[in-house]
Amino acid sequence: VKEKGRDGYLLYSEGMEESAHHSLHIKSELSEAIALNQLSLVYQPIVDRNGKVVCAEALLRWQHHEMGNIPPSKFIPLAEGSSLIEELGDWVLHESCNFINQLKAKHVSLDAVAINVSARQFNQGEFASSLLKVISDLGIKASSIELELTEYALLSNLDVAKQAMEQLKRAGISIAVDDFGTGYSSLSYLQSIPLSRLKLDATFVSKIGENNSSNAIVKAIIDMAHGLNLQIVAEGVETQEQYDFLLKNQCDTFQGYLFSRPLKEADFIEYIEHSQIG
Ligand code: C2E
Ligand code: CA
Ligand code: CA
Ligand code: CA
């Protein structure tokens with residue numbers, strides 16, 4: 001039984017989702033998705049303390065001709081098990097760079113476009129060099145790209161990752177830790193690798209106002225980040241109450257449905273043009 005969800009995603013029955021056969025089917029369809037032009041990126045605004053859009057996070061969408069919209073939480077993990085993720089990652093990278101050039105052509109200025117990079121893609125050794133080649137081929141400033149990496153991607157292969165990060169940092173590309181607070185428990189890595197930003201995971205934001213201890217954790221993470229000279233992005237900000245608490249506690253930037261859902265390229269540009277006037 002399939003049904004359209006709130007974001008137009010198809011909801012599958014438990015049994016169907018779990019079945020290995022279904023996963024295999026999705027995977028083989030995904031391997032053709034690029035060639036069939038079924039992939040696209042949407043962009044979610046990230047705003048600063050004045051409400052100005054300073055960044056856009058690129059998020060992958062897959063529109064299958066029969067299965068409809070399949071959410072990334074369903075297909076990215078499947079792709080991560082094979083070299084398929086590298087192909088998808090390359091596509092995302094090129095597409096995001098084209099978007100950066102589009103923004104430039106429309107005189108929209110952002111600090112950066114944030115691109116999600118999976119662990120396998122990042123740890124494949126050639127990642128930094130090939131990224132730097134892509135941006136130089138497309139005439140893009142390194143500082144207009146921010147990479148979002150999970151703690152797992154950063155730490156599962158620290159030697160490879162450290163080298164890549166130093167190379168990227170030297171070139172001027174910044175790195176954010178995605179889903180911060182949900183991964184490794186040790187924090188010592190924050191001192192030893194060149195980071196710009198932590199993205200406070202939405203699970204912490206969603207608990208703001210629930211009780212004193214959930215508020216204390218959010219406050220402590222923001223203070224720690226600032227102590228380490230890192231900026232904080234709050235993910236999944238949905239309510240005014242969450243936003244007020246984050247503002248009061250000096251959070252730097254904000255992302256979530258309270259500001260905007262992820263938007264198609266043209267809608268994003270329109271959104272910026274309106275918010276600049278208004
Ligand atoms: P993420 O990187 O943590 O991205 C944030 C997710 O939260 C996005 O889901 C976004 O649409 C959603 N979101 C934003 N604001 C709100 C809010 O206020 N409330 C709620 N409930 N959700 C909000 P999405 O687009 O479904 O992506 C899910 C995950 O898939 C991403 O989590 C990321 O891990 C992965 N992903 C998406 N695009 C890419 C990509 O191009 N490459 C890689 N490697 N992973 C990607
Ligand atoms: Ca992300
Ligand atoms: Ca995240
Ligand atoms: Ca997440």
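## Exercises: ligand 1 and two calcium ions

In this predicted model, 20 residues surround ligand 1, and the closest are Gln44, Arg61, Asp178, Glu238 and Tyr257. Let's work through the site together.

**Exercise 1.** Describe the shell around ligand 1 by residue class and by secondary structure.

*Solution.*
- Step 1: Sort the shell residues by class. They divide into nine nonpolar, five polar and six charged.
- Step 2: Look for elements that supply at least two shell residues each. These are strand 4 (53–64), helix 3 (72–80) and strand 8 (174–180).
- Step 3: Find the element that gives the most. Strand 4 does, with four residues.

**Exercise 2.** Find polar side-chain atoms of Arg61, Asn116 and Asp179 that lie close to oxygen atoms of ligand 1, using a cut-off of 3.5 Å, then say how far the protein covers the ligand.

*Solution.*
- Step 1: Start with Arg61, which places a polar side-chain atom 2.9 Å from an oxygen atom of ligand 1.
- Step 2: Go on to Asn116, where the distance from a polar side-chain atom to a ligand 1 oxygen is 3.2 Å.
- Step 3: Turn to Asp179. An N or O atom in its side chain is 3.2 Å from an oxygen atom of ligand 1.
- Step 4: Now consider the cover. On its own, ligand 1 has 800 Å² of accessible area, and the protein covers 77% of this.
- Step 5: Place the ligand among the pockets: the space taken by ligand 1 is the largest pocket.

**Exercise 3.** List the protein donors of the calcium ion (ligand 2) and locate Glu57 and Asn116 in the chain.

*Solution.*
- Step 1: Collect the donors. Glu57 (OE), Asn116 (OD1), Glu148 (OE) and Asp178 (OD) coordinate this ion at 2.2 to 2.3 Å.
- Step 2: Write their spacing in sequence, which is E-x58-N-x31-E-x29-D.
- Step 3: Map two of the donors. Glu57 belongs to strand 4 and Asn116 to strand 6 (residues 112–116); they are 59 residues apart, a pair that links distant parts of the chain.

**Exercise 4.** Do the same for the calcium ion (ligand 3), then work out which residue bridges it and the calcium ion (ligand 2).

*Solution.*
- Step 1: List the donors of ligand 3: Asp178 (OD), Asp179 (OD), and Glu235 (OE), which appears twice, at 2.1 to 2.5 Å from the ion.
- Step 2: Read off the spacing of the donor residues, D-D-x55-E.
- Step 3: Compare the two donor lists. Asp178 coordinates both calcium ions, and thus bridges ligand 2 and ligand 3, which lie 3.8 Å apart.
- Step 4: Return to ligand 1. Asp178 is also among the closest residues around ligand 1.

Key
Residues numbered from 1 in each chain as written. Chains lettered and ligands numbered in written order. Predicted model: local features only at pLDDT ≥ 70, side-chain atom pairs only at ≥ 80, totals over all residues. Heavy atoms only, no water. Near = heavy atom within 4 Å. Polar contact = N/O pair within 3.5 Å; in protein donor to acceptor, adjacent residues only side chain to side chain. Areas by Shrake-Rupley, 256 points an atom, 1.4 Å probe, with all protein chains shown as cover. 1 Å grid on protein atoms, 1.4 Å probe; cavity = no way out; pocket = protein on both sides within 12 Å on 5 of 7 lines; lining within 4 Å. Sits in = over half its atoms within 2 Å of the grid points. Nonpolar A, V, L, I, M, F, W, Y, C, P; charged D, E, K, R; others polar. Donors = N, O, S within 2.8 Å, 3.2 Å for Na, K, Ca; no water.
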